[in-house]
Amino acid sequence: MLRYFLKRLMFLIPVLLGVSVVIFSIVHLAPGDPAEVMLGPSATQEEISSLREQLGLTKPLYVQYGIFLTNALKGDLGRSIKSNAPVVDEIMERFPATLTLAVLGMIFAIVIGLPLGILAALKQNTWVDALCSFFALVGFSIPNFWVGLMLMLLLSIYIPILPSSGFDSWKNFIMPTIVLGIQTMAVIARMTRSSMLEVIRQDYVRTARAKGISDRLVLTRHILGNVLIPVVTIAGIYFGHQLGGVVITETIFSIPGLGRLIVDAIRAQDYPVVQGGVLFFALCVGIVNLLVDLLYAVLDPRIKAQYRAAK
Amino acid sequence: MNNENGTLFAPSSGRTKEREKRRSPWWEVWRRLRRNKAAVAGMSVVILLVVVAVLAPVLAPYDPNQTNIKMRLQGPSSEHPLGTDNFGRDMLSRIIYGSRISLYVGFVAVGIGAVFGGILGAIGGYYGGRLDNFIMRCMDVLLAIPQIILAIAIVGALGTSLLNLMIAVGISQLPRYARVVRASALTVRGQEYVEAARAVGASDARIILENILPNCMAPIIVQSTLGVAQAILSAAALSFLGLGIQPPTAEWGSMLSSGRQFLRNAPYLTFFPGLAISVVVLALNIFGDGLRDSLDPKLRQ
């Protein structure tokens, strides 16, 4: 088990290094000069060049990258140009809100999506199936920012029961959770349905039925475990996707999270924040994928057995 | 699965047999697709939208950028079926013109992603070894950054313009095409006819273009159809955030974004552009699903 975990962990390192190269290059391709941005339009040429010197912007790019990487490994992502606060502090200050949203969105997606998929598969080719499948397809297709605005219109303006912005009571979380989770919910429902349909036709399910086990027991003991494996994969992949979705959700509902930090930083050309923020997002995605891999081993004894045998 | 052909080509008289022999595989796909009502409906909506986009100047009742302060924020009426925005511009005309941008961005972004991703995937799958490993690790890196964040960062660096938006969305879609093509290339690589082509001295580029790519067409087409839907969504999201198409251009995402401040008094400004995006994306997704089922009937049972 430990070997499995370590092997997966090793995969994460080159990916994160790659992400740091990609994001460093993207940010340094940007046309604006950070020194000019920091000093404003009234700065003289001397002031700008001395600040460039001070920020290390005159050094060759690969040296700048080396410095960035060494500092990043020590947990230092530089300072924000706008607020002069350490980027790590800015990220950590905003992270709890984003994490809460992402986890709530995932819970929503699973709680609604999984039963929807199971129901559709059990009632295959009936109107129930058609309705569930169509609902999932719609959830996958409508833009989540539109869902957010329409929910706001309905539940904050027409029937004012939920606040449209802010971040202080549990009521603030309801709409953002739905907006963030709706696509993942749809994907999970679709995946569960097709996975169920596959498992239901397996011989061991037929055997279990033939033995006279009740439908409910067959479903919980024999079917669900195998259905969950592909569903967990897709949920893991979509968790990363969903982390990106916080950008939209946080903008609509004015939640001070990581997504808005990055969007605001891009508008203000605050490149250390963009760089650090994106890298942090990639780290989160990597960790989630790692956890999903571990969850596999728990759900699928074959993986565990494989590694036990290899030892 | 073995009697697939048996059910498809029900042998009856000699004459029909003769005719069926001439049917190309694409004809079979079309036949299966036609039987799928949902897919046909999705396809019809997509075709209708393309027609609307092409004929926008004829169909739109007003100039989409004609401002008229006297007529600002009018609700839907017979004169302006979808109302007017805060500059008095006709919403219906703007939505009709907006279809041009959305479809254009969707198709070009997918074109960029599919061509470059496809080339990378084909090279990786065909040559294998270290090169393949390197290409796929690069794709893993792109996948590790949430798609929309990557697109935002690219647009942020390149600046906001129509072309940059398409590049950003296209790059963020690269990995999926690379993966699809690579998987097909890997299975085709060892086939006898590829060996035969090599034996008669065909160049690698020629083998990839003539023997490998045609075999990946089915998954590429399905992936692209669904990809256009995703690209339209991403582009609208970026415009909504103010990082895509800039006002006053009539684009659905940016129309939604500027209509947002009038949500309370003029909700139709956000309702209709969002509905337009939903309909296009839904139609493309339904069509893509149907296409996958008809291209690979084994999956559908």
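This is a short chat about how chains A and B meet in a predicted model.

Trainee: Anything to know before I look?
Mentor: Residues are numbered from 1 along each chain as its sequence is written, and chains are lettered from A in the order in which they are written. The model is predicted, so local features need pLDDT of at least 70 and side-chain atom pairs count only at pLDDT 80 or more, while totals for chains, interfaces and linings use all residues.

Trainee: How many residues does each chain put into the contact?
Mentor: Chain A supplies 39 residues and chain B 35 residues; two residues are in contact if their C-beta atoms, placed from the backbone, lie within 7 Å.

Trainee: Which element of chain A gives the most to that side?
Mentor: H1(A), with 9 residues. Helices are DSSP runs (H or I, at least four residues), numbered from the N terminus.

Trainee: And is that side of chain A charged or nonpolar?
Mentor: It has 32 nonpolar, 7 polar and no charged residues. Ala, Val, Leu, Ile, Met, Phe, Trp, Tyr, Cys and Pro count as nonpolar, Asp, Glu, Lys and Arg as charged, and the others, Gly among them, as polar.

Trainee: New topic. What does B:Ala153 touch?
Mentor: Leaving aside neighbours within four places in sequence, B:Ala153 is in contact with A:Ile23, A:Ile26, A:Val274 and A:Val278.

Trainee: Which residues of H11(A) and H12(A) make their contact?
Mentor: From H11(A), A:Leu258, A:Leu261, A:Ile262, A:Ala265 and A:Ile266; from H12(A), A:Val273, A:Val274, A:Gly277 and A:Val278.

Trainee: How does that contact divide?
Mentor: Into 8 nonpolar, 1 polar and no charged residues.

Note on methods: Helix = DSSP H or I, 4+ residues; strand = E, 2+ residues; numbered from the N terminus.
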